Amino acid sequence: MIDAKTLRWVAYKNFAGVLVGVLGESSLNCQSFISNKPVKMSDGKHKIYEFIQSIYPMSEEQRHSVVQYFKPRVFQKNEYLLEEGRVCQMYYFLEEGYVRAYTHDHHGNDVTTAFYSPNQIVCELSSFFKRIPAQENIQALTDTKGWYITFDELQLAFHGMSYFREFGRLILVNSYAQLKQRMLSMLQETAEVRYAKLMESNPLIFQKAPLKMIASFIGVTDTSLSRIRKEYARHRS
């Protein structure tokens with residue numbers, strides 16, 4: 001019988017293969033998810049401006065030409081940005097809130113595969129690159145707001161703006177690097193180390209996600225997570 005860790009390794013290995021193949025394309029197809037609830041944002045688009053600049057510096061005019069494609073969207077707590085079996089159609093920049101991706105193992109257990117925090121792109125990459133039904137669910141852990149661009153608009157922008165293509169390429173490179181790190185962590189590091197790293201890199205997620213989700217993300221049972229938390233707190237005191 002294949003255990004949950006092996007299943008996770010196989011899934012991520014296949015996922016990485018998709019990314020490697022796409023990175024060589026001259027035009028990249030990016031997408032993500034959308035709600036049917038448009039909303040006006042009072043603070044404008046400065047956060048997405050800053051995000052783009054942090055990934056691939058552009059002139060003010062270039063940034064404006066990119067950002068003009070993005071429109072605001074909100075998701076309510078527990079709302080699904082994407083459901084398993086559907087093909088991703090949109091690309092979503094998360095400005096505020098927390099989101100998770102999850103699937104089910106061969107026993108039917110809920111397994112969290114990713115957490116998303118503010119200033120990240122929320123995507124089910126395998127689905128939108130290969131145009132196939134998603135094998136994961138994407139769900140809001142809190143009320144969220146962000147910015148989306150449609151698949152067709154993104155295609156148009158990539159074909160017409162070389163600097164936007166480079167931005168998209170770097171997003172993929174960063175995503176692949178994080179994915180590879182996650183794979184190696186699940187194979188090489190102890191659950192205690194994975195817990196400590198999550199606590200250091202994303203401490204607020206412990207306030208936004210139930211511990212059961214965090215346990216499945218680092219690959220342990222609820223009971224084991226309780227023990228790990230106590231040991232971590234004792235070593236920190």
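Which residue in β7 is the bridge partner of Ala101? Keep that question in mind as you open the structure, which is a predicted model.

**Stop 1: strand β7**

Select residues 137-140, the strand called β7. Now add Ala101 to your selection: its bridge partner in β7 is Ile138. Ala101 falls within residues 99-104, which make up strand β4. Show that whole strand beside β7 and you will find four bridges between them, with the two strands paired in the antiparallel sense.

Next, bring in residues 80-82, strand β2. This strand also runs antiparallel to β7, and two bridges join them. Here Leu82 is the residue standing opposite Ile138.

Before leaving, turn on the side chains of β7. In a regular strand, side chains alternate between the two faces of the sheet. Asn137 and Gln139 point one way, while Ile138 and Ala140 point the other way. Are these residues buried or exposed? All of them are buried.

**Stop 2: the four-stranded sheet**

Now look for an open sheet built from four strands, in the order β1-β8-β3-β6, with antiparallel pairing. Color residues 71-75 (β1) and 120-122 (β6) to mark the edges. Each of these has a single partner strand, so one side of each is left without a neighbour in the sheet. If you compare neighbouring strands, they are turned by 40° against each other on average, ignoring direction.

Move inward to β3 (residues 90-96) and β8 (residues 144-150), which pair antiparallel through six bridges. To see one particular pair, pick Met90 and its bridge partner in β8, Thr150.

**Stop 3: helices across the sheet**

Keep the sheet on display and add residues 46-55, helix α2. This helix lies across β3, β6 and β8, and runs at about 110° to β3. Then add helix α5, residues 151-160. You will see α5 lying across β1, β3 and β8, at about 60° to β8.

**Stop 4: a pair of helices**

Finish with helix α9 (residues 211-218) and helix α10 (residues 222-236). How do their axes meet? They come within 9 Å and cross at roughly 90°. The two helices are therefore roughly perpendicular to each other.

Show the side chains where they touch: Leu211, Lys212, Ile214, Ala215 and Ile218 come from α9, and Asp222, Leu225 and Arg229 from α10. Coloring this contact by residue type gives five nonpolar and three charged residues, with no polar ones.

Methods
Residues are numbered from 1 along each chain as its sequence is written. This is a predicted model: local features need pLDDT of at least 70, side-chain atom pairs count only at pLDDT 80 or more; totals for chains, interfaces and linings use all residues. Side-chain values use heavy atoms; hydrogens and water are left out. Buried means under 20% relative accessible area, exposed over 50%, partly exposed in between (1.4 Å probe, protein chains only). Two strands pair if DSSP finds at least two bridges between them. Axes are lines fitted to C-alpha atoms, for helices over the stretch in contact, and angles run from 0 to 180 degrees between N-to-C directions. Angles under 35 degrees count as roughly parallel, over 145 as roughly antiparallel, 65 to 115 as roughly perpendicular and the rest as oblique. Contact means heavy atoms within 4.5 Å. Ala, Val, Leu, Ile, Met, Phe, Trp, Tyr, Cys and Pro count as nonpolar, Asp, Glu, Lys and Arg as charged, and the others, Gly among them, as polar.
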